[in-house]
Amino acid sequence: MLEQPYEYTARALVEPDWRRLPGFAAVTEEQWRSAQWQRVNCVKNVRQLRGVYGDLLDDSFYADVAADQAGRATMSLLLPPQMLNTMVPDAVPTAAAMLADPVRRYMLTVASDRLPGPAASHPYAARDSLHEHEMWAVEGLTHRYPTKVLAELLSTCPQYCGHCTRMDLVGNSTPAVPKLKFDLKPIDRQAAMLDYLRATPGVRDVVVSGGDVANLPFKNLAAFVQGLLDVESIRDIRLATKALMGLPQHWLQPEVLDGMGALAQTARARGVSLAVHTHVNAAQSVTPLVADAARALLAVGVRDVRNQGVLLEGVNATAGQLLDLCFALTDGASITPYYFYMCDMIPSAEHWRVSLDRAQTLQHDIMGYLPGFATPRIVCDVPYVGKRWVHQVAEYDRERGISYWTKNYRTGIERTDDAALDRRYVYYDPIHTLPAEGRAWWATHGSPVLEPVG
Ligand code: SF4
């Protein structure tokens with residue numbers, strides 16, 4: 001019998017032993033399970049990283065991290081112990097093992113991972129590459145799709161991901177990226193969002209995000225969700241939190257679970273679907289604590305917990321890695337695989353991005369193994385358009401890596417634009433993935449403008 005391209009085997013989840021890391025050698029189970037302890041002991045700089053790993057990692061590794069933070073990093077360091085512990089999960093880490101580790105590759109960025117010189121960024125890379133700010137109906141409320149909005153409630157997270165698409169707003173400024181700040185106070189911003197939603201009954205679906213809602217005091221999150229539940233037209237509410245994976249201890253706190261239970265009960269009584277969306281990119285991140293947190297949310301009445309990962313070279317860009325992750329999520333933690341986004345065209349991200357062609361192949365290769373409802377769609381978030389399944393491309397110049405997309409609705413900034421639905425919108429493959437002819441073309445045509453082309 002011939003083997004399948006992917007051989008499924010049921011695997012038990014593992015919580016790596018944190019005591020293998022010198023800085024956590026004396027940490028008790030009780031401390032580890034405390035959200036407060038996890039937050040206080042986050043790694044925010046190279047000195048603290050040394051405090052965790054000591055001599056396990058050599059000076060060149062620490063220098064690599066420091067060089068990235070001082071140079072191209074678009075996000076500052078912020079790593080909860082829970083997340084650090086999932087790097088090199090089954091051995092005592094060495095510098096070489098850390099450099100190769102999928103979680104390290106996107107959460108603990110190093111200068112040597114980036115492509116050298118100008119190749120690090122695509123010529124058309126941009127802060128706010130999805131143009132969300134242009135589509136703010138009120139501050140922080142992106143109205144891009146006809147029936148859905150994104151509410152950015154805050155600009156912080158318990159962990160910062162190197163490839164964050166909202167790198168212009170989320171997190172602390174880095175030498176490469178001074179961050180924008182909200183103007184309005186949180187309470188005024190949230191009130192303006194609710195006013196807009198009450199006045200816009202065509203919106204039925206709200207993604208409550210940031211940042212990460214786990215960084216809001218729970219009573220503030222609950223007040224906003226309650227406000228949404230009081231808007232008659234809202235039928236779907238999804239809370240976005242990578243912390244379900246990076247800091248599951250937060251969602252396991254009794255007061256948080258009780259509060260989520262109360263919100264879920266109200267939602268259910270009003271016929272509203274309240275779901276949690278998380279962001280897991282590698283199978284090793286799905287530990288028993290993550291599974292406990294996801295299942296505890298389901299047990300208190302949250303309708304579903306879904307995963308929206310990002311397709312990243314070196315992290316999960318093979319069919320085997322994607323399927324391993326999806327099975328860990330669904331079998332191990334009752335989390336539904338939902339989307340994998342192609343990494344957005346932000347500055348200094350070319351080493352993570354894959355071509356559309358590759359994404360299409362991956363979508364093909366993962367079909368048929370998972371239940372249909374848990375088979376993730378691989379999507380391209382096309383600037384000025386929104387999510388498109390990778391096979392929906394209208395035209396694709398593989399040599400130059402330029403794809404052309406269409407759309408079937410007007411975003412919030414096109415209500416009076418007659419031509420919006422007739423235009424084609426562009427997305428670009430990473431130049432280093434192109435054939436020689438394509439790379440040569442870009443060498444003479446690489447001037448940065450990112451406009452819809454008609
Ligand atoms: S958790 Fe989400 S919003 Fe926060 S840094 Fe990561 S990708 Fe960005």
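Student: In which loop does G211 lie?

Tutor: This is a predicted model. Look between a strand, β4 (205–209), and a helix, α9 (218–229). G211 lies in the loop between β4 and α9.

Student: What kind of peptide bond joins G210 and G211?

Tutor: Check the omega angle of that bond. Omega is about 15°. The bond that joins G210 and G211 is cis.

Student: Which residues are around the ligand?

Tutor: Both glycines of the cis bond belong to the ligand's surroundings. With G210 and G211 come D212, K242 and H279. The remaining ones are C157, Y160, C161, C164, R166 and V170.

Student: How many residues of the shell around the ligand are nonpolar, polar and charged?

Tutor: Sort the shell by class. The shell has 3 charged residues and 3 polar ones. The nonpolar residues in the shell number 5.

Student: How many helices and strands are there in the protein?

Tutor: Count each kind of element in turn. The protein has 16 helices, and its strands number 13.

Student: Why does the protein count as compact as a globular protein of that length?

Tutor: Compare two values. For 454 residues the globule rule gives 22 Å. The protein is as compact as a globular protein of that length because its radius of gyration is close to that value, at 22 Å.

Student: What box do the C-alpha atoms fill?

Tutor: Take the box along the principal axes. Its sides are roughly 65 × 60 × 55 Å.

Student: What percentage of the residues count as buried?

Tutor: A residue needs 20 or more other C-beta atoms within 10 Å to be buried. Apply that to the 454 residues of the protein. The buried share is 46%.

Student: What share of the contacts between residues at least 6 apart in sequence join residues at least 24 apart?

Tutor: Leave out pairs under 6 apart in sequence. Among the contacts that remain, those between residues at least 24 apart make up 80%.

Student: How far apart are the C-alpha centres of domain 1 and domain 2?

Tutor: Domain 1 covers 18–119, and domain 2 covers 133–388. Take the C-alpha centre of each domain. The distance is 24 Å.

Student: Which element gives the largest share of the side of domain 1 that touches domain 2?

Tutor: In the contact between the domains, domain 1 has 31 residues and domain 2 has 36. On the domain 1 side, α2 (35–40), α4 (59–70), α5 and α7 (102–107) give two or more residues each. The largest share is 5 residues, and it comes from α7.

Student: How many residues on that side of domain 1 are nonpolar?

Tutor: Sort the side of domain 1 that touches domain 2 by class. There are 6 charged and 9 polar residues. The nonpolar residues number 16.

Student: Which helix gives the most to the largest nonpolar core?

Tutor: Nonpolar side chains tend to be buried together in soluble globular proteins. Here the largest nonpolar core has 120 residues, with L311 among those with the most contacts inside it. The core draws at least three residues from each of the two domains. The top contributor, with 8 residues from 319–333, is helix α14.

Student: What is the phi of V88, and what is that of S348?

Tutor: V88 sits between α5 (81–84) and α6 (95–100), and S348 between β8 (336–342) and α15 (356–366). Neither is a glycine, yet phi is positive in V88 and in S348. Phi of V88 is near 45°, and phi of S348 is about 65°.

Student: Is V88 buried or exposed?

Tutor: Count the C-beta atoms within 10 Å. V88 has 22 others, so V88 is buried.

Student: How far apart in space are A282 and V103?

Tutor: A282 is in the loop between β6 and α13. In sequence, A282 and V103 are 179 residues apart. Yet A282 is in contact with V103. C-alpha to C-alpha, the distance is 6.6 Å.

Student: How far apart in space are V286 and Y427?

Tutor: V286 lies in the loop between β6 (273–278) and α13 (288–299). In sequence, V286 and Y427 are 141 residues apart. Their C-alpha to C-alpha distance is 32 Å.

Terms used: Residues numbered from 1 in each chain as written. Predicted model: local features only at pLDDT ≥ 70, side-chain atom pairs only at ≥ 80, totals over all residues. Helix = DSSP H or I, 4+ residues; strand = E, 2+ residues; numbered from the N terminus. Buried ≥ 20, exposed ≤ 12 C-beta atoms within 10 Å, placed from the backbone. Rg over C-alpha atoms; globule rule 2.2 N^0.38 Å. Contact = placed C-beta atoms within 7 Å. Domains from an automatic or database assignment. Nonpolar A, V, L, I, M, F, W, Y, C, P; charged D, E, K, R; others polar. Near = placed C-beta within 6 Å. Core = buried A, V, L, I, M, F, W, Y, C linked by C-beta atoms within 7 Å. Lists of a residue's contacts leave out its neighbours within four places in sequence.
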